[in-house]
Amino acid sequence: MKTPIADFVRQYSLSGTARFHMPGHKGRPFLGCEEMDITEIAGADALYEAEGIIAASERSASELFGSRRTLFSTEGSSQCIRAMLHLALTCRPAGADPVVVAARNVHKAFVYAAALLDLEVVWLWPEGGSRSLCACPVTAGTLERTLADLPRPPAAVYLTSPDYLGNQADLAAAAEICRRRGTILTVDNAHGAYLRFLNPSRHPLDLGAAVCCDSAHKTLPVLTGGAYLHIGKDAPASFAENARASMELFGSTSPSYLTLASLDLCSRYLAEGYAGRLAAAAEELAELRGHLSASGWQVEPSDPLRLTLRMPAGLTGQELAQRLRREGVECEYADRDFLVLMASPENTLQDRARLLSALGSNSAPPSRKGPLSPAGGERAASIRQALMAPRERVPVDRALGRVCGAPTVSCPPAVPIAVSGERIGPAEMALFARYGVTEVEVLRQ
């Protein structure tokens, strides 16, 4: 597969051209990558007016992911999330309300986009006694009832799948409900770009989503910030026509060509045997889960490239993470109840052996911690009103009864203990205590 962006950057780096253009390092080495760090010079195309090498590379990515259109982001899925919501709002069909029905475990970028767009959000709360703010299980029945209770179809339904613990929503069922109810399914698939290359595919586009974002850098060999916005083949034509304008609305005018080149090279990586390497890596990680289960660890169900451990009695995820660091292993995420490790085909046999050795065996009994008590979500102001209002940071013991300013999230994406504009009540205070939150941002009185 051709790599037009990477080829251009390499050729320019070898050309010896006197660089009387940005950036200021002029290709001289400080970190060592500067000679390939360029700007939108002649021949390099322009991300938001792409007609040349960037457009060609995006078409290759679109073919690989089976989309109607795929656009690159050098600002992660955060930019794509804002663009998805803007598209849902501005391209909604006649009769649909400017409302998004969203599972509560959203990334902070969703909340900030809702403020910028003055978007009304109807929350889908976790079901079945969730034990973590990182998870938000929502059944098809709940989604059906929520949509049925609305006076008109919403602009979109928004789900995060996989979530931070690796749980995957039933996207096929959600997509079918959305079709029947006259709306579209949008998915934050930041943690699941690789799902397209499983057999069978578990990617949102192949399960019926109209639009989704993938953080390529999270699971694929792409530099940090590299992401995709995918417009599905069944999405309204207006989404594909307006996608680049929506991305430009929220994007920097100085995209990283290092990141663009890594997205470009990733397409060739995906096209040349990646599915086989992925299958092997998934099998190796399944074997690792088996070894850990046999060693007394409680391994949670998750997507194929993630390892999620529920903490036993007397041990927190943070404590286990510190133990792993002493043995030369760094995890993705840890809180009091869980530890999450993310793998890829680039992890070696030596990596897995070191992890097994560092974890050792566990003889402690399972934790008896009960499910979380849901917060109230009492609305006192809109998200936009709260985020645009004067705010102050106060100790938690002075937060009861105050209105949340910035969303309080244990990690993104996760269920916010309180969303901007919600009044902080006893349930929120209990969750602050459970997760060690000591300060919160509230509206000034």
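Start by selecting α3 and helix α8 (residues 237–250): the two pack at an angle of about 130°, with their axes 8 Å apart. That angle makes α3 oblique to α8, and the crossing of α3 and α8 is right-handed. Bear in mind as you look around that this is a predicted model.

Now show side chains for the contact between these two helices. On the α3 side, pick Gln79, Cys80, Arg82, Ala83, His86, Leu87 and Ala88. Across from them, α8 brings Phe239, Asn242, Ala243, Ser246, Met247, Leu249 and Phe250. Colour that α3–α8 contact by class and you get 9 nonpolar, 4 polar and 1 charged residue.

Keep α3 (residues 76–90) on screen and add helix α4 (residues 108–117). Here the axes come within 9 Å and cross at roughly 40°. That makes α3 oblique to α4, and this crossing, too, is listed as right-handed. For the contact itself, select Ser78, Ile81, Arg82, Leu85, His86 and Leu89 in α3, then Ala109, Phe110, Ala113 and Leu117 in α4. By class, the α3–α4 contact has 7 nonpolar, 2 polar and 1 charged residue. While you're there, click on Arg82 and His86: both appear in the α3 list for α4 and in the α3 list for α8.

**On to the pockets**

Which residues should you centre on for the largest pocket? The pocket holds about 480 Å³ of space. Of its 32 lining residues, Cys136, Pro137, Val138, Asp163 and Asn167 are the closest to its centre. Then highlight α5 (140–149), β4 (154–160), α6 (171–180) and β9 (306–310), the elements that each give two or more residues to the lining. The largest share, 3 residues, comes from α6. Coloured by class, the lining of the largest pocket shows 16 nonpolar, 10 polar and 6 charged residues.

Next, go to the second largest pocket, with about 350 Å³ of space. Centre the view on Met342, Ala343, Asn347, Asp351 and Leu355, the closest to its centre among the 21 residues that line it. Elements giving two or more residues here are α10 (274–294), β9, β11 (338–342) and α12 (349–359). Which element gives the most to this lining? Select α10, with 4 residues. The lining of the second largest pocket splits into 12 nonpolar, 3 polar and 6 charged residues. Leave β9 highlighted as you flip between views, since that strand is listed for the largest pocket and for the second largest pocket.

**Backbone stops**

Most residues other than glycine have a negative phi, and most peptide bonds are trans. With that in mind, three spots in the loops deserve a click.

Zoom in on Ser161 and Pro162, which are joined by a cis peptide bond with omega about 0°. Pro162 is in the loop between β4 and α6, and both of those elements also contribute to the lining of the largest pocket.

Then jump to Asn199 and Pro200. The peptide bond between them is cis as well, with omega near 0°. You'll find Pro200 in the loop between β5 (185–188) and β6 (211–214).

Last stop: Asp45. What is there to see in its backbone? Its phi is positive, about 65°, although Asp45 is not a glycine. To find Asp45, follow the loop between α1 (4–14) and α2 (53–65).

Methods
Residues are numbered from 1 along each chain as its sequence is written. This is a predicted model: local features need pLDDT of at least 70, side-chain atom pairs count only at pLDDT 80 or more; totals for chains, interfaces and linings use all residues. Side-chain values use heavy atoms; hydrogens and water are left out. On a 1 Å grid over the protein atoms alone, a cavity is a set of points where a 1.4 Å probe fits but cannot get out, and a pocket is an open set with protein on both sides within 12 Å along at least five of seven lines; lining residues have an atom within 4 Å of a point. Grid points are joined across faces, edges and corners, and a volume is the space filled by probe spheres set on the points. Ala, Val, Leu, Ile, Met, Phe, Trp, Tyr, Cys and Pro count as nonpolar, Asp, Glu, Lys and Arg as charged, and the others, Gly among them, as polar. Axes are lines fitted to C-alpha atoms, for helices over the stretch in contact, and angles run from 0 to 180 degrees between N-to-C directions. Angles under 35 degrees count as roughly parallel, over 145 as roughly antiparallel, 65 to 115 as roughly perpendicular and the rest as oblique. A crossing is left-handed if the near helix is turned anticlockwise from the far one by less than a right angle, and right-handed if clockwise. Contact means heavy atoms within 4.5 Å.
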